[in-house]
Amino acid sequence: MDTQLRALILEDSRSDALLLVRELRRAGYLVEHTQVDNADAMISALETEAWDIILSDFSMPNFSATAALELVKARHLDIPFIIVSGTMGEETAVEAMKAGANDYFPKGRTTRLAAAIARELREAQERQQRKQAEDELRRVEQRLAKAFQVSPIGITITNPQGQFLTTNDAFRHMLKLTTTDVIGHTALDLGIWDEPEDQRILNPTQESFQKVRDTEFVLFTMLKDVRYVSVSTEIVEVSGDICVLAMWHDITDRKLAEQALMKNIALTHLLQEVTLAANEATEIDDALQFAVDSICNYTGWPLGHVYIRTRGGQPQLTSSHIWHDRAPEKFAQFRALSEQLQFNETTGGMNYRVLMSGEPEWTVDLKSAKDFMRREEAQGVGIKTVYAFPILVQREVMAVMEFFSIIENNVDRNLLGTIPQITAQVGHVIERARATAEFRALYNATAYLFNADSIQDLAHQIVHGIVQEFEQVDCGLLLVNQQTGQINRLVRAGQYHVEVQTPLTTDGHGLIPMAIRQDKLIYSPDTQVDERYVPNVPTTRSEMVVPLKTRAGTIGALDLQSPIPHYFSESDQRVLEAFAERATAALEIIRLYEEINTYAGQLEERVKERTQQLQRAKERAETILNNSSDAIILIDAHGAIQQTNPRFEEILGYERDELFKQHLDRVVSLIDNQDLPHFIRTVSVNREYRRTEAVVRRKDGSTFPADVAFSTFIGNQEIEMVVSLRDISAQKQLEQELRAAFERQKELTELKTRFISMVSHEYRTPLAVIQTASSLLLTYGDRVPDDKKKRHLENVLDHVKRLTELMDDVLEINRAETIGLDFNPEPSDIVVMCRALVEDARQVNPNYTIEFNVVGELPLIPADPKLLRQIASNLLSNAIKYSPNHGAVHITLQTESNQVVLIVRDEGMGIPKEDLDNLFSLFHRASNVGQIQGTGLGLAIVKQAVDAHGGAISVESEVEQGTTFTVKFPM
């Protein structure tokens, strides 16, 4: 197979160059060559193309092989260079070889040239491959060196003695070291090991040496920060020494995250335990004790305590019996001091600040906390850090948990974020306990409310029940006289016997009138600073008035007073409001009970009188029914006929009791397809009076319209119905006549309205033009040129003609409506008449295309020439008028079934569908005509003219597509 060869030939003789090419081709090469004989030509060839071989004569007039070799070397080109020369001696050839030539041949003896070229090409290829391999190796070494330095994992190499030979940036950055600190030193020298025996992993010559794989160690940085690392080692040979390659993976973040996770899991477990215990606790103290114990056990805090908020008065904390004490003997004196303390506005302190703010607080350096009330005693027992956490119930602090630690700055943020959640669970327990207490207090106070015999007795029970549930409280009950507006003190009870005789009115001053007027609870936590309070009892410091409310209004109030300021809590207010609702209900029941007893005797007398009245009413009712002009039917709740009156039998032709137990639908059918059984059920269930219209069937099968009334009553403890039937045949007849008259009057009114609108519109413009022209001629006639006078007069005549035509149309319509059109038929040629109309229209409307077609031979028809022309003229003028874009108009005459058909079609604006039904009505115009003039009379006249001929007219139209009128005349 021939081999491609690109040869650059340095030769001044073309024939010698061709001999070389022929020799190479004979050896099997496909030669592409270029011949040059000077340096510039060679440089250009080297820069523009790639060459496989250079064949050069040794000596040329303007160039030489030695100069060519220098050019190749200067460009660092690896191209085999062979000299073929006839003047070159042995010594010269050796010098050329030393200068860089690959081989030489005398001219005329080139039989081995092809083999030499094959050898040189092969060696050149091998050199190229070696060079590529060396370049790749160099690049790999550079990438490895770069990867070594930029690797995020620390990499080190230590010698057999454990000294660091090299380290990367990640390792030095991890331990805060410099290159000088590390190189030549051992890890033991640097002091980075947490356990010194860990040095064995870097000393391959020690007996204890062992390779490790992803083994975790604890290190110290130069700043003594703790770092967690995962190390893997391998044995490597460096300059003949057995060394250790170590990979140091910093896992500090992961380890810290794991530790934080474990802490969070423990905190979550702690929160779950306290939540479960709090939900199961039946006593508040049990929940508090469990929470304090759990927190101390988890944190290692040796001491924990709870302060409880006192009832009433200014906000204050007092010590409880709840403690967690890990060293009772050590903390005994400190505990005794803590139990004697109270935290209020006067004493202040950290616990008081937590009480008022509802936010946790702590001090991590007790030495600097000068406002801590037990600082010296706490320091004496080794306490260094103090924490205080609020227990909230509906955003109000009910207790404060206090904890003590013997470790300074022992602050765990996750823990401090979890403890408020724990205290919240305890708060829920307190809230449930408070709700239970409220329910129990409400139950105790209301259990006896409905057992009293009188209002006075009930009032005593109410106030005594409240006083029993609240200590240091005085309670009074007051009722309002709605007629006089006075507030009467009914009863009062209490611990310190408030006695007030000052009369009260609903419009007076004080908390009681205010609560009754405003119909809401009024509370004065401190009467000494409350302007609403009217001083009556000097010992009263807090007062609460709870109104007794009914649907009809406030009937009284409960007045509670205490010698303690801020005595009543929100919980007390809720309990008393709920109690007041039940007390009000009991008072209402007692009041109704007394009223019932009062009226009972009166009712007994009224029953006798009422019985006599009912008997008389029964007799009157039977007389009325028997003499009523309406047919009366008594039916049960299912529609079965029970009884009828004589008028029913007379009107419907039935015998007495002939329809007994028959359903009412035997003779009555409701209009509008109403279901009579369903109608009866509805009236029966709703017990309502209903009237409707129905058709009544007589016994002989005839019917008549009737007004039917249904009314229910209770008879024999069952619902029954009275059905009244009244014949309204005459009324229905009158209604039909009135309705017909109304429709006719409505049509006349609409016609009148359209006529007035048309006359107003069509007459106003011509008259305005006539008036303007006349005024101009009268005022400026002597100054107006004759040609302008003529135009004004012609304009006046045109509008007078228009008004005349309009009046003729109106008179024509009027004559047609009253005495009918004058119809004088004679044999008429409709083709000649239409052709003349079309010619006139083309002259008047030159911008329109008017096509006239006659299909077949048309006979003469019996027609009134005047009316016939009026029909065709109106239809043609409308087609032109309502084609504003100069569209084409088509008129066609043809025969069809003994009829002559006139078709007028335009391509104009078309007629909306909703206007087609009234198109031939007087004064009606389509809704889309806009400002196009017209009276709405033309098509009405056309319709009357067509009717006079006994013909028919129809229309088809589509908006924006056009309209087609078709008129058929009998032959």
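Begin by selecting Ile830 in this predicted model, and, leaving aside its neighbours within four places in sequence, you will find Ile830 in contact with Leu858, Ile861, Leu868, Leu893, Val900 and Phe969. Ile830 belongs to the largest nonpolar core, a set of 41 residues, and together with Leu902 it has the most contacts inside that core.

To see what surrounds this residue, colour the elements that each supply at least two residues of the core, namely helix 22 (830–844), strand 32 (850–854), strand 33 (861–863), helix 23, strand 34 (889–895), strand 35 (899–906), helix 25 and strand 37 (962–970). Among these contributors, helix 23 gives the most to the core, with 8 residues. Apart from this core lies another one, of 31 residues, which you can locate by selecting Ile466, Leu479, Val491 and Ala493, all of them among its members.

Return next to helix 23 (residues 865–881) and show it with helix 25 (residues 938–948), whose axis comes within 9 Å of the axis of helix 23 and crosses it at roughly 145°. The crossing of these two helices is left-handed. On the side of helix 23 the contact is made by Leu867, Gln870, Ile871, Asn874, Leu875 and Asn878, while helix 25 brings Gly938, Leu939, Ile941, Val942, Ala945, Val946 and Ala948. If you colour the residues of this contact by character, they divide into 9 nonpolar and 4 polar, with no charged residue.

The next stop is an open sheet, in which 5 strands stand in the order 9-8-12-11-10 with antiparallel pairing. Strand 9 (164–167) and strand 10 (215–220) are at the edges, and each has a single partner strand, so one side of each is left without a neighbour in the sheet. Neighbouring strands of this sheet are turned by 35° against each other on average, direction ignored.

Stay at the edge formed by strand 9, and select strand 8 (residues 154–158) beside it, for these two antiparallel strands are joined by 3 bridges. One pairing to pick out is that of Thr158, whose bridge partner in strand 9 is Phe164.

Finish in strand 11 (residues 226–238), where Val226 has its place. Is Val226 buried, exposed or partly exposed? Val226 is partly exposed, with a relative accessible area of 37%. Not counting residues up to four places away in sequence, Val226 touches Val218, Leu219, Phe220 and Thr252. Select Leu175 as well, and the C-alpha to C-alpha distance from Val226 will be 9.3 Å, although the two residues are 51 residues apart in sequence.

Terms used:
Residues are numbered from 1 along each chain as its sequence is written. This is a predicted model: local features need pLDDT of at least 70, side-chain atom pairs count only at pLDDT 80 or more; totals for chains, interfaces and linings use all residues. Side-chain values use heavy atoms; hydrogens and water are left out. Two strands pair if DSSP finds at least two bridges between them. Helices (H or I, at least four residues) and strands (E, at least two) are DSSP runs, numbered from the N terminus. Axes are lines fitted to C-alpha atoms, for helices over the stretch in contact, and angles run from 0 to 180 degrees between N-to-C directions. A crossing is left-handed if the near helix is turned anticlockwise from the far one by less than a right angle, and right-handed if clockwise. Contact means heavy atoms within 4.5 Å. Ala, Val, Leu, Ile, Met, Phe, Trp, Tyr, Cys and Pro count as nonpolar, Asp, Glu, Lys and Arg as charged, and the others, Gly among them, as polar. Buried means under 20% relative accessible area, exposed over 50%, partly exposed in between (1.4 Å probe, protein chains only). A nonpolar core is a set of buried Ala, Val, Leu, Ile, Met, Phe, Trp, Tyr and Cys residues joined through side-chain atoms within 4.5 Å.
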